[in-house]
Amino acid sequence: MWPRKLDLNQDECNSMLRQIELDCYSSVITAFRAQGGLDDLKTRILADLRKIFHIDEDRHKAEARRVANDEELTTIADLVFGESASSEWRNEGRRTNGLLQRAPAQTAFCKMSNNIKEDATNMNSLL
């Protein structure tokens, strides 16, 4: 006979629950995008789901950007429900803060590659 419970600890259960919540929210927002534009009802439902599933603003915006840029979902929405309002989804996923500039990468090979570049430049100038 199968056991009633698996042999999992609290952390494993919390991790599994979190993954289920994220998958569920992702599935709902995917279905909403396939249905076309983002209206007031969908916005309210997403706000409620964000509270229930503990989805923060950054995660929500990332999901909105994902579905706004998905060609398959845009095609489904346009062919099944008519021209969809993609701008609504793009606005929903718009970042509130700009992206930070990244510093140039520094690796153990930077000095070596700079030396090789200088050698190649010198050799090319001789040609």
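This is a conversation between a visitor and a guide about how features of a predicted model get their names.

Visitor: Let's start inside. Which residues of the largest nonpolar core touch the most other members?

Guide: That core has 15 residues, and those touching the most other members are Tyr 25, Ile 29, Leu 46, Phe 53, Ile 55, Val 67 and Trp 89. Helix 1 (10-34), helix 2 (40-53) and helix 3 (57-68) each bring at least two residues to this core. Helix 1 is the biggest contributor, with five.

Visitor: Why is His 60 called buried?

Guide: His 60 has a relative accessibility of 2%, and the label applies under 20%. His 60 therefore counts as buried. This residue sits in helix 3.

Visitor: What does His 60 touch, leaving out residues up to four places away in sequence?

Guide: Its contacts are Tyr 25, Ile 29, Leu 46, Arg 50, Ile 55 and Glu 92. Seen from the other side, Ile 55 is in contact with His 60 as well as Arg 18, Leu 22, Tyr 25 and Arg 50, once neighbours within four places in sequence are set aside.

Visitor: How do you know that helix 1 and helix 2 are roughly antiparallel?

Guide: Look at the crossing angle: their axes come within 10 Å and cross at roughly 175°. Angles over 145 degrees earn the label roughly antiparallel, so helix 1 and helix 2 qualify.

Visitor: Which residues make that contact?

Guide: From helix 1 come Arg 18, Glu 21, Cys 24, Tyr 25, Val 28, Ile 29 and Phe 32, while helix 2 offers Lys 42, Ile 45, Leu 46, Leu 49, Arg 50 and Phe 53. Sorted by class, this contact of helix 1 with helix 2 has nine nonpolar, no polar and four charged residues.

Visitor: What makes the pair Glu 21 and Arg 18 a salt bridge?

Guide: Their closest N and O atoms are 3.3 Å apart. The cut-off is within 4 Å, so the pair passes. Glu 21 and Arg 18 are three residues apart in helix 1, which means that about one helical turn separates them.

Visitor: Are the two partners buried or partly exposed?

Guide: One of each! Glu 21 is at 11% relative accessibility and counts as buried, whereas Arg 18, at 30%, counts as partly exposed. The partly exposed label covers values between 20% and 50%.

Visitor: How many salt bridges does the structure hold?

Guide: Five. Glu 63 takes part in a salt bridge with Arg 59, with the closest N and O atoms 3.6 Å apart, and in another with Arg 66, at 2.8 Å from N to O. Both distances pass the test of within 4 Å.

Visitor: How is Glu 63 placed relative to those two arginines, and what are the burial labels?

Guide: In helix 3, Arg 59 is four residues from Glu 63 and Arg 66 is three residues from Glu 63. About one helical turn therefore separates Glu 63 from Arg 59, and likewise Glu 63 from Arg 66. Glu 63 counts as buried because its relative accessibility is 7%. Arg 59, at 35%, counts as partly exposed, and so does Arg 66, at 34%. Elsewhere, salt bridges with shared partners link Arg 50, Glu 57 and Lys 61 into one network.

Visitor: What does Ser 26 touch, not counting residues up to four places away in sequence?

Guide: Ser 26 touches Glu 63 and Arg 66. Ser 26 belongs to helix 1.

Visitor: Why is Ser 26 called buried?

Guide: Its relative accessibility is 18%. The limit is under 20%, so Ser 26 counts as buried. In sequence, Ser 26 and His 60 are 34 residues apart, yet in space their C-alpha atoms are 9.0 Å apart.

Visitor: What about His 54: why is that residue called exposed?

Guide: His 54 has 54% relative accessibility. The exposed label starts over 50%, so His 54 counts as exposed. You will find this residue in the loop between helix 2 and helix 3.

Visitor: What is the phi of His 54?

Guide: The angle is positive, about 60°, although His 54 is not a glycine.

Technical notes:
Residues numbered from 1 in each chain as written. Predicted model: local features only at pLDDT ≥ 70, side-chain atom pairs only at ≥ 80, totals over all residues. Heavy atoms only, no water. Core = buried A, V, L, I, M, F, W, Y, C linked by side-chain atoms within 4.5 Å. Buried < 20%, exposed > 50% of the residue type's maximum accessible area, 1.4 Å probe, protein only. Contact = heavy atoms within 4.5 Å. Salt bridge = Lys/Arg side-chain N within 4 Å of Asp/Glu carboxyl O. Axes fitted to C-alpha atoms, helices over the stretch in contact; angles between N-to-C directions. Parallel < 35°, antiparallel > 145°, perpendicular 65-115°, else oblique. Nonpolar A, V, L, I, M, F, W, Y, C, P; charged D, E, K, R; others polar.
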